[in-house]
Amino acid sequence: MLLTDILFPRVCPVCGEVLLKDEHYLCLACEVDFPLTFFWNWSGNPAEILFWGRLKEVKASALFYYREGSDYKEIVHKFKYNGERKMGLFFAHMLGVKMRESGRFADIDYVIPVPLHFYKRWRRGFNQAEIIAEGVAQELGKPLLGGVLVRSRYTATQTKKDPEERWKNVFEAFRIRGAEKVEGKHILLVDDVLTTGATIEACGRHLEGVEGCRVSVATLGFVE
Ligand SMILES: [Zn+2]
């Protein structure tokens, strides 16, 4: 045992128990109960259905169900708000391995994280989607592509707006720079949690606006 393990014991983010030497990020009990989605093997899965009629030919994968009241939400919470980047990267690799082994994502050309507004990125110190994209890209053996899908401005608060204005607001928060880089390419868009899909749809619609570009999706959490 390392001295640092005694002074700062590693704990399971889900149940808070101290981890044993061979346990990585999840204790054995929480690993056994990990609510995996198995979307990587499942064509027509709920994450793909979410984008039907919104994006073309989407293949989608998520690592685990992100359920209201579930302690597994802590994985994303501790990663995002407590800055536990190594833990985020660990689960990203777990997702990437499953996606690679499924073979369904072999035709991806580039992996692109959903960009965070610079102010939020500055405040948090990192973009969680970039870290997830990094782990997934490494496992898939595909390059990360930055600087093409960019944030255009801070998303204004969404209160007191009708659905059409809200959508316009989300859509206009992104733009494409250097479209030729993604012409005819299959992009894997990566974010932390898939909820309504509005952000990914907005990014995806911008990318689909480029000749021959199509989009698939990967997230750590999927909200049922
Ligand atoms: Zn645990």
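**Exercise 1. Find how far apart the centres of domain 1 and domain 2 lie, then describe their contact.**

Solution. In this predicted model, the centres of domain 1 and domain 2, taken over C-alpha atoms, are separated by 28 Å. Next, look at where the two meet: domain 1 contributes 5 residues to the contact, and domain 2 contributes 7 residues. Now sort the residues on the side of domain 1 that touches domain 2: 4 are nonpolar, 1 is polar and none is charged. To place the two parts on the chain, use the domain assignment, which gives 1–33 for domain 1 and 35–222 for domain 2.

**Exercise 2. Work out which strands pair with β6, and in what sense.**

Solution. Start with strand β1, residues 60–65: this strand pairs with β6 in the parallel sense over 5 bridges. For a landmark on this side, pick tyrosine 65, which stands opposite phenylalanine 222 in β6. Then turn to strand β5, residues 186–194, which runs parallel to β6 and is joined to it by 8 bridges. Here you can check leucine 189, whose bridge partner in β6 is valine 217.

**Exercise 3. Is the β-α-β unit made by β5, helix α9 and β6 right-handed or left-handed?**

Solution. Follow the chain from β5 through helix α9 (residues 198–208) to β6: the unit is right-handed.

**Exercise 4. Decide how many residues of strand β6 are buried.**

Solution. Take residues 214–222 one by one, counting a residue as buried if 20 or more other C-beta atoms lie within 10 Å of its own. The tally for β6 is 9 of 9 residues buried, and the strand is mostly covered.

Key:
Residues are numbered from 1 along each chain as its sequence is written. This is a predicted model: local features need pLDDT of at least 70, side-chain atom pairs count only at pLDDT 80 or more; totals for chains, interfaces and linings use all residues. A residue is buried if 20 or more other C-beta atoms lie within 10 Å of its own, exposed if 12 or fewer, and partly exposed in between; C-beta atoms are placed from the backbone. Helices (H or I, at least four residues) and strands (E, at least two) are DSSP runs, numbered from the N terminus. Two strands pair if DSSP finds at least two bridges between them. A crossover is right-handed if, with the strands pointing away from the viewer, the path from the first strand over the helix to the second runs clockwise. Domain bounds come from an automatic or database domain assignment. Ala, Val, Leu, Ile, Met, Phe, Trp, Tyr, Cys and Pro count as nonpolar, Asp, Glu, Lys and Arg as charged, and the others, Gly among them, as polar.
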